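Open the model in your viewer and keep the selection panel at hand. We will go from stop to stop, with something to select at each one.

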Amino acid sequence: MPEADAEQQLKLYHIRLNAKKPSAEAIDIAGDALRKGALVAFPTETVYGLGANALMALAVERIFLAKGRPAGDPLIVHISDISQLETVAREIPDLAYSLGKRFWPGPLTLVLKKSPDIPENLTAGLDTVAVRVPDHPVAAALLKAADVPIAAPSANRFSRPSPTSAQHVLEDLGDEIELLLDAGPTSIGLESTILDLSDGKPALLRPGGLSLEAMSEFLPDLAYAPRYLAESETAPAPGSMLKHYAPRARLLLFHGSDKAVRAAIRAEISKRARNEKIGLMASNADIPRFGNSHVTIERLGKNSQATAKRLFAAMRSLDRQGVDVILARLPEKRGLGLAVWDRLLRAAEGEVIEV
Ligand code: TXA
Ligand code: MG
């Protein structure tokens with residue numbers, strides 16, 4: 001083959017699907033390609049995933065290259081139902097089965113001891129593996145058609161906000177993947193909750209789409225003790241690096257009473273409006289307080305569920321519009337609010353303006 005051909009870009013097949021009833025033909029093609037080693041981006045109920053055959057070390061390697069992800073940050077394995085758990089994990093505690101039965105398919109990822117069939121690069125050399133059963137008709141059909149577990153991180157470039165639409169995947173990875181299954185925006189909008197059950201005491205590694213309150217029947221004492229770290233430090237656990245999910249613009253996060261936060265944001269706007277392009281992410285209730293032509297506003301909605309769904313898209317949209325700075329307030333840590341709080345804090349590199 002002439003060299004020029006070899007260097008030609010991969011052709012990306014962007015397939016639009018009905019989210020509830022995806023075309024069986026398209027899914028079969030995608031499943032086959034994935035089994036043979038292709039990278040296939042697909043929707044889940046949380047965010048879009050960048051999928052590869054979890055049993056094929058070379059395909060898994062391609063995920064790390066495409067994302068620019070450090071080799072020390074392990075991936076999540078997706079399976080089609082709880083009966084496949086033994087094919088990816090071993091020494092599975094009863095609690096994993098109870099939680100899986102109650103919450104799968106759904107936004108809960110369990111960290112368990114890994115099966116020897118899972119390649120080392122997928123788990124970054126750890127003896128544990130993260131597993132979940134996604135709750136999306138396209139993901140479910142793809143898992144069936146591929147007939148192998150699917151390794152899939154969020155389909156964004158490393159440290160960019162996670163993708164909640166096919167457009168976001170194209171922005172970050174359009175040149176890296178063979179197939180994109182596009183079924184419109186995802187419903188939850190932020191990633192799964194990660195629970196470590198590999199070592200006696202259950203530990204919440206990442207708050208996400210399944211709230212602590214929902215799990216309290218099984219885990220009444222579970223709390224979130226984030227161990228955020230700056231990039232210069234050595235991470236004690238994978239994925240705990242502070243800078244993550246970050247927009248390009250600097251994010252200023254405010255925390256305090258309604259009144260104090262609104263006043264502080266107004267003051268910040270008047271201070272910066274002359275020299276900077278300002279973006280604001282705010283709830284429906286807050287927006288009328290800033291009806292100001294000097295700011296580019298992203299509406300987060302009326303509650304934490306709406307905010308979860310909009311958050312990453314809002315950050316990306318403000319970046320596209322070229323804002324210098326983004327102003328937002330920290331939500332309460334209840335329900336999905338805990339996951340929103342976590343993503344905002346990471347995006348702001350841990351900095352909060354207390355007012
Ligand atoms: O909702 C989700 O979980 C999405 C969709 C696509 O399923 N996936 C996702 O994957 O968010 P990713 O790679 O962006 O985040 C996976 C997180 C990382 O922070 C990683 O460090 C952690 O899971 N993780 C994976 N395996 C682990 C393990 N064995 N022990 C501890 N943490 C692990
Ligand atoms: Mg991710």
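The model you are looking at is predicted. Our walk starts in a loop with an unusual peptide bond.

**Stop 1: a cis proline**

Select P105, which you will find in the loop between α5 (94–103) and β6 (108–114). Now add W104 and look at the link between the two: the peptide bond from W104 to P105 is cis, with omega near -5°. Most peptide bonds are trans, and most residues other than glycine have a negative phi. The second half of that rule leads to our next stop.

**Stop 2: two positive phi values**

Go to E91, in the loop between β5 (89–90) and α5. This residue is not a glycine, yet its phi is positive, about 45°. Is the residue E91 buried or exposed? Switch on a surface to check: E91 is exposed, with a relative accessible area of 56%.

Next, select A124 in the loop between β6 and β7 (128–132). Here too phi is positive, about 55°, in a residue that is not a glycine. A124 is partly exposed, at a relative accessible area of 25%.

**Stop 3: a glutamate in a hairpin**

Now bring up β2 (40–43) and β3 (48–53), with E45 in the loop between them. A hairpin joins β2 to β3 through 4 residues. The two strands pair in the antiparallel sense over 4 bridges, and P43 stands opposite Y48 of β3.

Stay with E45 for a moment. E45 is buried, with a relative accessible area of 3%. What does E45 touch, leaving aside residues up to four places away in sequence? Display the neighbours and you will see G106 and P107, then R132, P134, D135 and H136, and finally the run T186, S187, I188 and G189.

**Stop 4: along β3 and into α3**

Follow the chain into β3 and colour the strand by burial. Of its 6 residues, 6 are buried, so β3 is largely enclosed by the rest of the structure. Besides β2, look for β8 (150–151): 2 bridges join β3 to β8, and these strands run antiparallel. To see one facing pair, select A52 and A151, which stands opposite A52 in β8.

Continue to helix α3 (residues 57–67). Show the side chains of A59, V60, I63, F64, A66 and K67, which are buried. What do the buried residues of α3 pack against? They pack against β3, β8 and α7. An α-helix has 3.6 residues a turn, so residues three or four places apart point the same way. Just after α3 comes G68, whose phi is positive, near 70°.

**Stop 5: α7 against α10**

From α3, move across to α7 (residues 166–173) and bring in α10 as its next partner. Two packed helices are described by the angle between their axes and the distance between the axes. For α7 and α10 the angle is about 55° and the axes are 11 Å apart, which makes α7 oblique to α10. α7 passes α10 in a left-handed crossing. Select H168, E171 and D172 on α7 together with A313, R316 and R320 on α10 to see the residues that make the contact. By class, this contact has 4 charged residues, 1 polar and 1 nonpolar.

**Stop 6: α10 against α11**

Keep α10 (residues 304–320) on screen and add α11 (residues 337–347). These helices pack at an angle of about 25°, with their axes 9 Å apart; α10 and α11 are therefore roughly parallel to each other. α10 passes α11 in a left-handed crossing. On α10, select S304, T307, A308, L311, F312 and M315; on α11, select G337, V340, R343, L344 and A347. The contact of α10 with α11 is made up of 7 nonpolar, 3 polar and 1 charged residues.

**Stop 7: parallel strands around β12**

Our last stop is β12 (residues 250–255). Its pairing with β15 (residues 325–329) is parallel and covers 5 bridges. Pick L251 and its bridge partner I326 in β15 to see one of these links. Then add β16 (residues 353–354), which runs parallel to β12 and is joined to it by 2 bridges. Finish by selecting F254, which stands opposite I353 in β16.

Conventions. Residues are numbered from 1 along each chain as its sequence is written. Chains are lettered from A and ligands numbered from 1 in the order in which they are written. This is a predicted model: local features need pLDDT of at least 70, side-chain atom pairs count only at pLDDT 80 or more; totals for chains, interfaces and linings use all residues. Side-chain values use heavy atoms; hydrogens and water are left out. Axes are lines fitted to C-alpha atoms, for helices over the stretch in contact, and angles run from 0 to 180 degrees between N-to-C directions. Angles under 35 degrees count as roughly parallel, over 145 as roughly antiparallel, 65 to 115 as roughly perpendicular and the rest as oblique. A crossing is left-handed if the near helix is turned anticlockwise from the far one by less than a right angle, and right-handed if clockwise. Contact means heavy atoms within 4.5 Å. Ala, Val, Leu, Ile, Met, Phe, Trp, Tyr, Cys and Pro count as nonpolar, Asp, Glu, Lys and Arg as charged, and the others, Gly among them, as polar. Buried means under 20% relative accessible area, exposed over 50%, partly exposed in between (1.4 Å probe, protein chains only). Two strands pair if DSSP finds at least two bridges between them.
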